[in-house]
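Here's a quick briefing on the fold you're about to load. Keep the viewer open while you go through the bullets.

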Amino acid sequence: MTRIEQVQWRDAVAGALAGGHTFLANLTAVDEVGKSDHIRVLLRLLNPDTGADFTLETLTDRDDAHLADIADLLPGAAWLQRQVHDLFGVVFDGGDNRPLIHHAGGAPL
């Protein structure tokens with residue numbers, strides 16, 4: 001697992017793709033409640049040729065959670081970004097942040 005700073009998110013994803021990790025396995029988040037005032041965002045990519053696993057993680061402030069949109073780099077990430085936005089309140093700057101299922105406002109998780 002590679003931990004990166006929030007501002008490095010997009011460049012780190014692009015670097016992982018250039019390194020052959022092109023299969024999007026998952027994009028999710030964890031609220032670090034009780035540990036810190038952050039949301040941990042995790043992206044798991046696989047190299048389809050070797051099976052090598054690559055996971056990126058970054059922290060964003062719970063009260064102002066923002067990350068760069070990566071859907072243009074990984075089109076399958078668009079749905080997962082919307083899910084993370086819906087459930088954890090992380091805004092993907094420049095991305096589609098419309099609600100998927102939770103339309104009541106706020107982030108339930």
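Arg-3 sits opposite Glu-57 of S4, in a model that is predicted. That pairing of S1 with S4 is parallel and runs over 2 bridges. Glu-57 also has Leu-42 standing opposite, so start there if you want a way into the sheet, whose 4 strands follow the order S1-S4-S3-S2.

**The sheet**

- This is an open sheet with mixed pairing.
- Which strands stand at the edges? They are S1 (2-3) and S2 (23-31); each has a single partner strand, so one side of each has no neighbour in the sheet.
- S3 (residues 38-46) and S4 (residues 53-61) are antiparallel partners, joined over 9 bridges.
- S2 and S3 are paired in the antiparallel sense too, over 8 bridges.

**Who faces whom across the strands**

- Between S3 and S4, Leu-43 is opposite Leu-56, and Arg-44 is opposite Thr-55.
- Arg-44 turns up again on the S2 side, where Asn-26 stands opposite this S3 residue.
- Ala-29 has Val-41 in S3 as its bridge partner.
- As background, side chains in a regular strand alternate between the two faces of the sheet.

**Hairpins**

- The S2 and S3 hairpin has 6 residues between its strands, and Gly-34 there takes a positive phi near 90 degrees.
- The hairpin of S3 and S4 also puts 6 residues between the strands, with Gly-51 at a positive phi near 80 degrees.

**Helices on the sheet**

- The chain holds 2 helices and 6 strands, and reading from the N terminus they come as β-α-β-β-β-β-α-β.
- H1 (residues 9-18) lies across S2, S3 and S4, and its direction makes about 175 degrees with S4.
- H2 (residues 77-88) lies across S2 and S3, at about 10 degrees to S2.

**The nonpolar core**

- How many residues does the largest nonpolar core have? The count is 25, and the ones with the most contacts inside it are Trp-9, Val-13, Val-41, Leu-43, Leu-74 and Val-90.
- At least two residues of this core come from each of H1, S2, S3 and H2.
- In soluble globular proteins, nonpolar side chains tend to be buried together.
- Val-41 has plenty to check in the viewer: beyond four places in sequence, its contacts are Trp-9, Leu-27, Thr-28, Ala-29, Leu-56, Glu-57, Thr-58, Thr-60, Leu-67 and Val-90.

**Leu-27 up close**

- Leu-27 is a residue of strand S2.
- Is Leu-27 buried or exposed? Its relative accessibility is 1%, and the cut-off for buried is under 20%, so Leu-27 counts as buried.
- Setting aside residues up to four places away in sequence, Leu-27 touches Trp-9, Val-41, Leu-42, Leu-43, Ala-77, Leu-80, Gln-81 and Val-84.
- Leu-27 and Arg-44 are 17 residues apart along the chain, yet their C-alpha atoms are separated by 6.4 Å.

**Whole-chain numbers**

- A compact globule of 109 residues would have a radius of gyration near 13 Å, and the chain agrees because its own value is 13 Å.
- Along the principal axes, the C-alpha atoms fill a box of roughly 40 × 30 × 20 Å.
- Of the 109 residues, 37% count as buried.
- The accessible surface is about 5900 Å², and carbon and sulfur atoms own 53% of that.
- Take the contacts with a separation of 6 or more: residues 24 or more positions apart account for 50% of them.

Notes:
Residues numbered from 1 in each chain as written. Predicted model: local features only at pLDDT ≥ 70, side-chain atom pairs only at ≥ 80, totals over all residues. Heavy atoms only, no water. Pairing = 2+ DSSP bridges. Contact = heavy atoms within 4.5 Å. Axes fitted to C-alpha atoms, helices over the stretch in contact; angles between N-to-C directions. Rg over C-alpha atoms; globule rule 2.2 N^0.38 Å. Buried < 20%, exposed > 50% of the residue type's maximum accessible area, 1.4 Å probe, protein only. Areas by Shrake-Rupley, 256 points an atom, 1.4 Å probe, with all protein chains shown as cover. Core = buried A, V, L, I, M, F, W, Y, C linked by side-chain atoms within 4.5 Å.
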